[in-house]
Amino acid sequence: MLDTPPPASASPGPDPTDPAALAARYGLTVSGARPSLPAYVRQLWARRHFVTAFATAKLTAQYSQAKLGQVWQVATPLLNAAVYYFVFGVLMGTSHGVPDYVPFLVTGVFVWTFTQSSIMAGTRAISGSLGLVRALHFPRAALPVSYALQQLQQLLFSMVALVVILLGFGVPVGPSWLLAVPALTLQFVFNAGVAMVVARIGAKTPDIAQLMPFVLRTWMYASGVMWSLDRVLGDHGDMPRVVLLALECNPAAVYIDLMRFALIDTFHGGQLPHHVWALAAGWALLAGVGGFIWFWQAEETYGRG
Amino acid sequence: MAEQSMTGGGSGAAGRVPTVVADRVDVVYRVNGTGAGRGSATAALNRILRGKKAERAAGVRTVHAVRSVSFTAYRGEAIGLIGTNGSGKSTLLKAVAGLLPVERGRICTDGQPSLLGVNAALMNDLTGERNVYLGGLAMGMSREEVRARYQDIVDFSGINEKGDFITLPMRTYSSGMAARLRFSIAAAKDHDVLMIDEALATGDRSFQKRSEARIRELRKSAGTVFLVSHNNKSIRDTCDRVLWLERGELRMDGPTTEVLKEYEAFTGGGRKAP
């Protein structure tokens, strides 16, 4: 015997059952509605294994088509550093005035690359994973966080290369190296937050992926990745003090200089802006919490269209 | 409980629990860049700068894909969606899954409906094995659960019948293989509402048999299954109720045999039925 469904006529008039009341009586929820913020956090936490597994899978898949395979994990950052050294160290001679220029440069490039690629990956976090987004339900914030985590894993490979370079240039190992851990943690929170911001923008306006490289390049040159902000801009008498301070307090410069301070003995605390740890934590909190809430506010719109 | 005495029919009607309630649902698509000035940079800029007012001028067209559709689906039902191409079947499923916003009306569901399409693989550059793990984890299974069900999922999909394909990236799969693996991953979990968009049509005959059996299992574990298909036979084999959509409107809603008879007469004397 078949269950005969009610003749669901499209005419709303004589229907004795009110669908809304029926839905309410059985506790049905509106489809595609956004969960509350605490519920969203719980859902995301429940998917933490997905976040890590996704990041690791993407990282290993990245070089799966290359013959050298995972060797590129370390070779790519080394080549990157070599190019910058050739351009800025050898051709332009920016190094004068900066002690331990090569460790200074390589640290800057690696730490900057972490932020840069997290943001670039963030722009495509939703739009590039539409197959997953449209097929399965999970809190979408898992994607940008996962992409940022992938870049963190990538950076850890780079750090291996970095340690080799540092030791090769005779930078002594010291207890201050431990400071790299809190610095990286704060930077990761910051990156994940910004990745969520650009992921929301990128989901609605994919054009941002075209625009972002220019923004990021400007940001890179303004953050003292290849030179010491103090020495280059401080020498200009006409540069207002406020501009220099703003450049030094921008998040990328803060995280880069913290890492240099942690790893390179000739980089002194005097070269850091005041209250640098408070700044680093503040940027991380602002981007992390703000980005998360902003991303959550559009949760129900991702993957549509 | 008026509606349940009204339905009168099946056994245990009083215990029927609704899982999806669609209340006069309208879905409208907006398409950019049509009409006059299409594609030109100035038209696009104009649209951005002037906002909504310029939408019509810049040629944003609306497509009314689903018009005032109402139905209630109950736990344990398997519902087929039929209709000619472009009649709004897939759109309606996407709206039920919460992947498309409704223009008017409301869709309420019990839990989170899962939509299973055939066209997109999960992550093309990852191996099938990774996709099984990621898919399971994304659906909210724990690592242990995925590990425990891994072999079942792979066996069910039949990916390894012709060699060790599960360790190859998904981009190397044929479309049928990818669709089968996706179905196997999604079907590994008990869903409150599972919606399948033509998935059964892509697999070979032996896979179709297996998935029909799995759909029956899912229904026993108190879920609701929606199935979009142009294959009237697979609808007849798996569904006991059919919604017929035509031009976005719900033309008929009733037991499979009745609706299919009308539909086959409409499309030309059952030529679609094999």
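# Notebook: pockets, cavities and cores

I began with the second largest pocket, which holds about 470 Å³ of space. Of the 23 residues in its lining, I noted the ones closest to the centre, which are Ala33(A), Pro35(A), Gln43(A), His137(A) and, from the other chain letter, Gln112(B). I should record here that the model is a predicted one. Looking at which elements contribute to this pocket, I found that β1 (29–30) and α2 (37–46) of chain A each give at least two residues to the lining. Sorted by class, the lining of the second largest pocket comes to nine nonpolar, nine polar and five charged residues.

Next I turned to enclosed space, and the structure has three cavities of 30 Å³ or more. The largest cavity contains about 80 Å³, and I listed its lining as Phe104(A), Ser223(A), Gly224(A), Trp227(A), Ser228(A), Leu229(A), Asp230(A), Glu248(A), Asp257(A), Arg260(A), Phe267(A) and Gln271(A). Two elements of chain A, α10 (229–234) and α12, supply two or more residues each to that lining. By class, the lining of the largest cavity splits into four nonpolar, four polar and four charged residues.

I then looked up one of these lining residues, Asp257(A), which sits in helix α12 (residues 251–263) of chain A. Is Asp257(A) buried or exposed? I count Asp257(A) as buried because its relative accessible area is 10%, and the cut-off for buried is under 20%. Setting aside residues up to four places away in sequence, Asp257(A) touches Phe267(A) and Leu272(A); Phe267(A) is also among the residues that line the largest cavity.

The second largest cavity has about 70 Å³ of space. I found it lined by Gly97(A), Val98(A), Pro99(A), Phe104(A), Ser228(A), Arg231(A), Ile264(A), Thr266(A), Phe267(A) and Gln271(A), and these residues divide into five nonpolar, four polar and one charged.

For the interior I looked at the nonpolar cores. The largest has 106 residues, and Phe50(A), Leu132(A) and Leu263(A) are the ones with the most contacts inside it. A second core, separate from that one, has 26 residues, including Ala22(B), Ile79(B), Ala95(B) and Leu245(B). As background I noted that nonpolar side chains in soluble globular proteins tend to be buried together. Which residues does Leu263(A) contact, leaving aside its neighbours within four places in sequence? I found Thr107(A), Met159(A), Leu162(A), Leu166(A), Val171(A), Trp177(A) and Ala180(A) in contact with Leu263(A).

I also took an overview of chain B, which has 11 helices and nine strands. Of its 274 residues, 53% are buried, while the chain exposes about 12000 Å², with carbon and sulfur atoms supplying 50% of that area. Among contacts in chain B between residues at least 6 apart in sequence, 71% join residues at least 24 apart.

Last, I checked two backbone angles. His275(A), in the loop between α12 and α13 (276–296) of chain A, has a phi near 50°, which is a positive value in a residue other than glycine. I count His275(A) as exposed because its relative accessible area is 66%, where the cut-off for exposed is over 50%. Arg24(B), which lies in strand β1 (residues 18–31) of chain B, likewise has a positive phi, near 45°, in a residue other than glycine. With 36% relative accessibility, Arg24(B) counts as partly exposed.

Definitions and conventions
Residues are numbered from 1 along each chain as its sequence is written. Chains are lettered from A and ligands numbered from 1 in the order in which they are written. Side-chain values use heavy atoms; hydrogens and water are left out. Helices (H or I, at least four residues) and strands (E, at least two) are DSSP runs, numbered from the N terminus. Buried means under 20% relative accessible area, exposed over 50%, partly exposed in between (1.4 Å probe, protein chains only). Contact means heavy atoms within 4.5 Å. On a 1 Å grid over the protein atoms alone, a cavity is a set of points where a 1.4 Å probe fits but cannot get out, and a pocket is an open set with protein on both sides within 12 Å along at least five of seven lines; lining residues have an atom within 4 Å of a point. Grid points are joined across faces, edges and corners, and a volume is the space filled by probe spheres set on the points. Ala, Val, Leu, Ile, Met, Phe, Trp, Tyr, Cys and Pro count as nonpolar, Asp, Glu, Lys and Arg as charged, and the others, Gly among them, as polar. A nonpolar core is a set of buried Ala, Val, Leu, Ile, Met, Phe, Trp, Tyr and Cys residues joined through side-chain atoms within 4.5 Å. Accessible areas come from the Shrake-Rupley method with a 1.4 Å probe; for residues, only the protein chains shown count as cover.
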